[in-house]
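Please look through the structure below with the following explanation at hand. The text goes from the nonpolar cores to the charged pairs and ends at a sheet.

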Amino acid sequence: MSNIRNAVVLLLCSSTVILYQNCGSSSFETQTIANVSDTTPFQEEVGVSVETTSSNPPSGQTTASTQEVIPASLLILRPLKNEVIDLKESSLTVHVNAGTAIPQVSYQILTGSTILQSGVLLLSGGIFNSEVALNTAVRAHRGSFLKFRIGTKENAFGLGYLFLVAGQSNTVNSECRECGTPSQATGALVVALQDSKIDPGITTKDSSQIIWPSTIGTRILSTEMNFVPLSESPRFVQGSNKSIWSRVGASLSAQYNVPVGFIIVGLGGTSISQWSGELFKLFQYGNRLKLTSILWDQGESDALNKTSGSLYTSTLQSIINRTRTQYGRTVPWVISQTSSCIVQEPAATFATADANIAAIEKAQIDFINSMKNATSFIYAGPNTNRIFHRCHFDTQLEFDTFTAAWTSSIKTNGVLTKATPAAQLSQSTRRGLLPIYRAYNPISHSHLFSFVDGEGDAYGFTRNGVGFFVFKPASNRGSNYVTLYRCRDLQKGIHFVSKYSNCEGKTFDLTLGQIYQGPVGILLDPTKNMDVYLAKPLYRCIGSLVNLTTPVRAECENSSFSSIETLGYMPFE
């Protein structure tokens, strides 16, 4: 225990200064570790750690831990099992309860059987609850979880990236309903915090179903809360479909060769006022964990509720400030631009609904753009309004696009390195739909539909604005889609739109895009998930000398047309 004589520990009300002798060196290094305060503090730091070595012992020697008798009652309460701490952290939170008043225990930090760091924890009343400074070998480790070991007892932990995910249903198991049964497969390096006190069947935003985290301060030091491997449909997260986070984590882990952890606390259908009120307590799950960032994906409910942009941003700023006060440090936030989820409303209010979507999106963009400085640590997430979808991302293409958008944002926006936010965001337009422009030639009575407004100007066509909207053609959207083609009847000298690639025996011109094959827009349950879609029939009016494609049925109801065909259902906003 000669190294103990070289350790001087000063316990202060705001910080702990640990002087320790680095193994194999006669010089001292100084490590200052903040004692983070919050509104519901844990027990004061108890005990002292002394590092004794950072490598395997020489042949024929043993470490102190092999000479000790470790009480069977000893519990390693922190790190939690598979706990992930941010890559830039220089210390590990350790809480040990020996169950008896022994003065000290030895610890090791290992990768496989290789010891990277070892030392002695000086206990007070059989308890150690403080920070252990991590040496260079531990902080440089990549590619796997490490083991924190005392005697034969150990918990895995990893240095990587840890995210708390909050917001609405797109943060939980609500995605990819058309993609088949979710897989329960997990990867080696992607984990999520599981709280055994939370009902895994939670389905609503009813606060009575939430175990309020006033008890987290004590329960985090028990077997009720640990990190577990994350599947694409974890049973302890709301919903029964897929979430994107296992895939986001796998991509980050593969690129940076580190463990990735998530704390998923989102709830479907929730507004920003609820997150400022009763749901704010859910942020306590990140209270004593060393987060990389909070990921925020919310706004659809506020567009539906007609929340003003100014109220939305002031409330969001308040939530951010309160989390940082609670955590005792400036935890970065990544904020998506999210507001598109329109409830089926009378036609007269469609424009109003779209204005509400635009208002929340603009408020989010303006807020992020105003935070481009070195001290804000506010970063841009994806603009999910640009991905046309239901309230959820139900097809494989939508799910893949949503996953890629969040993954790319985290990798490129600067949050992983805590760089100064740089992106200048702009508002989305038509949120992923392609406008098909309409023109009319009064001599040939031909209606021309084109991606280019004015394609027929040189041929006597008069522009009539946007005729309808389509999705870009894709093979993996799902089953409820039909592709539209622009065709020509050379004999009659007219254009027409068909859902058949052979143009019904006429001449193929080009592929326009896809619309829904069957009706959509059913409001499933506005109190739970607000899973809705706006779409209306797209008609083909057929006459002997003229064909017209329009979402307005009244245009077909005249003597020029002998029949009306429904091509499908046109998405619109």
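A nonpolar core is here a set of buried Ala, Val, Leu, Ile, Met, Phe, Trp, Tyr and Cys residues that are joined through side-chain atoms within 4.5 Å. Buried stands for under 20% relative accessible area. The model to which these terms are applied is a predicted one.

In the largest nonpolar core there are 54 residues. L121, F148, W245 and F262 are the residues with the most contacts inside this core. W245 can serve as a point of entry. When its neighbours within four places in sequence are left aside, W245 is in contact with V165, T171, V190, L230, F262, I264, L295 and W406. F262 thus appears in the list of contacts of W245 and among the residues with the most contacts in the core. Another core lies apart from this one and has 45 residues, including L164, I220, F227 and L267.

The charged side chains come next. Side chains of opposite charge can pair when their charged atoms come close. The structure holds 21 salt bridges. One of them joins R78 to E83, with the closest N and O atoms 2.8 Å apart. Both R78 and E83 are buried.

Two further salt bridges have R463 as a partner. D453 meets R463 at 3.9 Å, N to O. This pair links distant parts of the chain, since D453 belongs to the loop between β20 and β21 and R463 to strand β21, 10 residues apart. D457 also forms a salt bridge with R463, at 2.5 Å from N to O. How exposed are D453, R463 and D457? D453 has a relative accessible area of 32% and is therefore partly exposed. R463 is partly exposed as well, at 46%, and D457 is partly exposed at 38%. Elsewhere, E232, K242, R247 and D400 are joined into one network by salt bridges that share partners.

Strand β21, which holds R463, leads to the sheet. Which order do its strands take? The sheet is open and has 3 strands in the order β20-β19-β21, paired antiparallel. β20 (446-450) and β21 (462-470) each have a single partner strand and stand at the edges, so one side of each is left without a neighbour in the sheet. On average, neighbouring strands of this sheet are turned by 30 degrees against each other, direction ignored. Strand β19, residues 434-441, runs antiparallel to β21 and is joined to it by 6 bridges. Opposite P435 stands F469 in β21.

Notes:
Residues numbered from 1 in each chain as written. Predicted model: local features only at pLDDT ≥ 70, side-chain atom pairs only at ≥ 80, totals over all residues. Heavy atoms only, no water. Pairing = 2+ DSSP bridges. Helix = DSSP H or I, 4+ residues; strand = E, 2+ residues; numbered from the N terminus. Axes fitted to C-alpha atoms, helices over the stretch in contact; angles between N-to-C directions. Buried < 20%, exposed > 50% of the residue type's maximum accessible area, 1.4 Å probe, protein only. Contact = heavy atoms within 4.5 Å. Salt bridge = Lys/Arg side-chain N within 4 Å of Asp/Glu carboxyl O.
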